[in-house]
Amino acid sequence: GEMVVECACVRQPGGPAGNTAITATVGNLSGAAKLNFSFLAAVPKYAKLTILPLTDTTIPPGGSLKVQMVVENPSEPHRPVMMRLKPKYINGQSGAQVEEDIKVTNLPSWV
């Protein structure tokens, strides 16, 4: 694909058990800017996901954007979280609207 997403996970001390801050770095590998960028994500019903407001809606060619999220996973016994990411944008070269569907299955088991 034209995009790469890397997730970094940090446990949040002091919050409810099972709170994890996730920073998803969305990289643009293409030669065209990604415009009107928006980001949806989904987790299983036993977890709760909050996406913080984006700091920008344009990703330049070769550039990246950080998306901040918080996942609450109070499941007992603990069940690991799989996540689906749906970045959506307009290709700055062709003007086409693009929606990608990315499965994240490699989050740390403690998330």
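This is a short walk through one protein model, from the overall fold to a single residue.

Keep in mind that the model is predicted. Let's start with the fold. The protein has eight strands and zero helices. Read along the sequence, that gives β-β-β-β-β-β-β-β. The C-alpha trace spans about 50 × 25 × 20 Å along its principal axes.

Now the contacts. Take those between residues at least 6 apart in sequence: 60% of them join residues at least 24 apart.

Next, the surface. The accessible surface comes to about 6400 Å². Carbon and sulfur atoms account for 54% of that. As for the inside, 32% of the 111 residues are buried.

On to the core. Which residues have the most contacts inside the largest nonpolar core? They are Ile 22, Phe 37, Phe 39, Met 83 and Leu 107, in a core of 21 residues. Five strands each supply at least two residues of this core: E1 (3-11), E2 (19-28), E3 (34-42), E5 (64-72) and E6 (83-91). The largest share comes from E5, with four residues.

Stay with Leu 107 for a moment. Leaving out residues up to four places away in sequence, Leu 107 touches Cys 7, Cys 9, Ile 22, Val 81 and Met 83. Two of those names, Ile 22 and Met 83, you just heard in the list for the core.

Leu 107 also takes us to a pocket, the second largest one, where it is part of the lining. This pocket has a volume of about 160 Å³. Which strand gives the most to its lining? Strand E1 does, with four residues. E1 and strand E8 (102-104) each supply at least two. Cys 7 and Cys 9 are in the lining as well, along with Val 5, Glu 6 and Leu 85. Then comes a run: Ile 102, Lys 103, Val 104, Thr 105, Asn 106, Leu 107 and Pro 108. By type, the lining divides into eight nonpolar residues, two polar and two charged.

Last stop, Asn 91. It sits in strand E6. Is Asn 91 buried or exposed? Its relative accessibility is 11%, so Asn 91 counts as buried; the cut-off for buried is under 20%. What does Asn 91 touch, not counting residues up to four places away in sequence? Glu 2, Ala 32, Ala 33, Lys 34 and Ala 96. One distance to finish. Asn 91 and Thr 58 are 33 residues apart in sequence, and their C-alpha atoms are 10 Å apart in space.

Terms used:
Residues numbered from 1 in each chain as written. Predicted model: local features only at pLDDT ≥ 70, side-chain atom pairs only at ≥ 80, totals over all residues. Heavy atoms only, no water. Core = buried A, V, L, I, M, F, W, Y, C linked by side-chain atoms within 4.5 Å. Buried < 20%, exposed > 50% of the residue type's maximum accessible area, 1.4 Å probe, protein only. Contact = heavy atoms within 4.5 Å. 1 Å grid on protein atoms, 1.4 Å probe; cavity = no way out; pocket = protein on both sides within 12 Å on 5 of 7 lines; lining within 4 Å. Points joined across faces, edges and corners; volume = space filled by probe spheres on them. Nonpolar A, V, L, I, M, F, W, Y, C, P; charged D, E, K, R; others polar. Areas by Shrake-Rupley, 256 points an atom, 1.4 Å probe, with all protein chains shown as cover.
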